[in-house]
Amino acid sequence: MKLAPVVIRQLIEKASEAKSKAYAPYSRFPVGAAILAEDGRVFTGCNVENASFGLTVCAERNAVAAAVLAGARPVAVAIVGNQHDLLPCGACRQVLAEFNQDLLVVTQKTNAETEVRSLRQLLPAAFALEKA
Ligand code: THU
């Protein structure tokens, strides 16, 4: 699957909007994620931190929860933070792989430049369990 440049732009834009809603008073590192579903819908998430740091939920996982709630199947995710080419953490890669191992991961290198990688590239030989 290949994402059209206009779709990449829209996803980055939605992820940036989500980033502006992040609750990150401890790290001061807001992150936004936008998931494109198979049916064209887009679901967003931001990181939500907690005073008990380990309870923090990443932007990607909050976007996954929104997509699951809507019964949507993720095909791509864009991630935006105040760092170029921000990639999902290992835990989020595993959570994303749960729903589509061929997911495309879009990052922003500069305002004009984006990068698209496959989740398989980022998490080769992912753990998987047969569904009961
Ligand atoms: N964070 C994300 O939201 N996504 C990632 O993939 C990496 C890290 C958040 C968690 C925490 O609120 C802040 O970024 C700093 O680690």
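In the predicted model, tyrosine 23 is in contact with Asn47, Val48 and Glu49 when its neighbours within four places in sequence are left aside. Tyrosine 23 is situated in the loop that joins helix H1 (5-19) to strand S1 (31-37). The C-alpha atoms of tyrosine 23 and asparagine 50 are separated by 8.6 Å in space, although the two residues lie 27 residues apart in sequence. The relative accessible area of tyrosine 23 is 43%; because this value falls between the limits of 20% for buried and 50% for exposed residues, tyrosine 23 is classed as partly exposed.

Two of the residues contacted by tyrosine 23, Asn47 and Glu49, also belong to the surroundings of the ligand. The other residues around the ligand are Ser27, Phe29, Val31, Thr56, Cys58, Ala59, Glu60, Leu87, Pro88 and Cys89. By class, this shell comprises 7 nonpolar, 3 polar and 2 charged residues. Polar contacts with oxygen atoms of the ligand involve both side-chain and backbone atoms of the protein. An N or O atom in the side chain of glutamate 49 is found 2.5 Å from a ligand oxygen atom. A polar backbone atom of alanine 59 is 3.0 Å from an oxygen atom of the ligand, and a backbone N or O atom of cysteine 89 is likewise placed 3.0 Å from a ligand oxygen. Of the 370 Å² of accessible area that the ligand has on its own, 78% is covered by the protein.

Ala59 and Glu60, listed among the residues around the ligand, are also buried residues of helix H2, which spans residues 59-69. The buried set of H2 further includes Ala63, Val64 and Ala67. These residues lie on the same side of H2, because the arc they cover around the axis is only 135°. In an α-helix, residues three or four places apart point the same way, because there are 3.6 residues a turn. The packing partners of the buried H2 residues are S1, strand S2 (42-46), S3 and H3. Just after H2, glycine 71 adopts a positive phi of about 70°.

Helix H3 (residues 90-99) has Cys92, Arg93, Leu96 and Ala97 as buried residues. An arc of only 140° around the axis contains them, and they therefore occupy the same side of H3. The buried residues of H3 pack against helix H2, strand S3 (74-81) and helix H4 (119-122). Helix H2 and strand S3 thus appear among the packing partners of H3, while S3 and H3 appear among those of H2.

Key
Residues numbered from 1 in each chain as written. Predicted model: local features only at pLDDT ≥ 70, side-chain atom pairs only at ≥ 80, totals over all residues. Heavy atoms only, no water. Buried < 20%, exposed > 50% of the residue type's maximum accessible area, 1.4 Å probe, protein only. Helix = DSSP H or I, 4+ residues; strand = E, 2+ residues; numbered from the N terminus. Arc of directions from axis to C-beta. Contact = heavy atoms within 4.5 Å. Near = heavy atom within 4 Å. Polar contact = N/O pair within 3.5 Å; in protein donor to acceptor, adjacent residues only side chain to side chain. Areas by Shrake-Rupley, 256 points an atom, 1.4 Å probe, with all protein chains shown as cover. Nonpolar A, V, L, I, M, F, W, Y, C, P; charged D, E, K, R; others polar.
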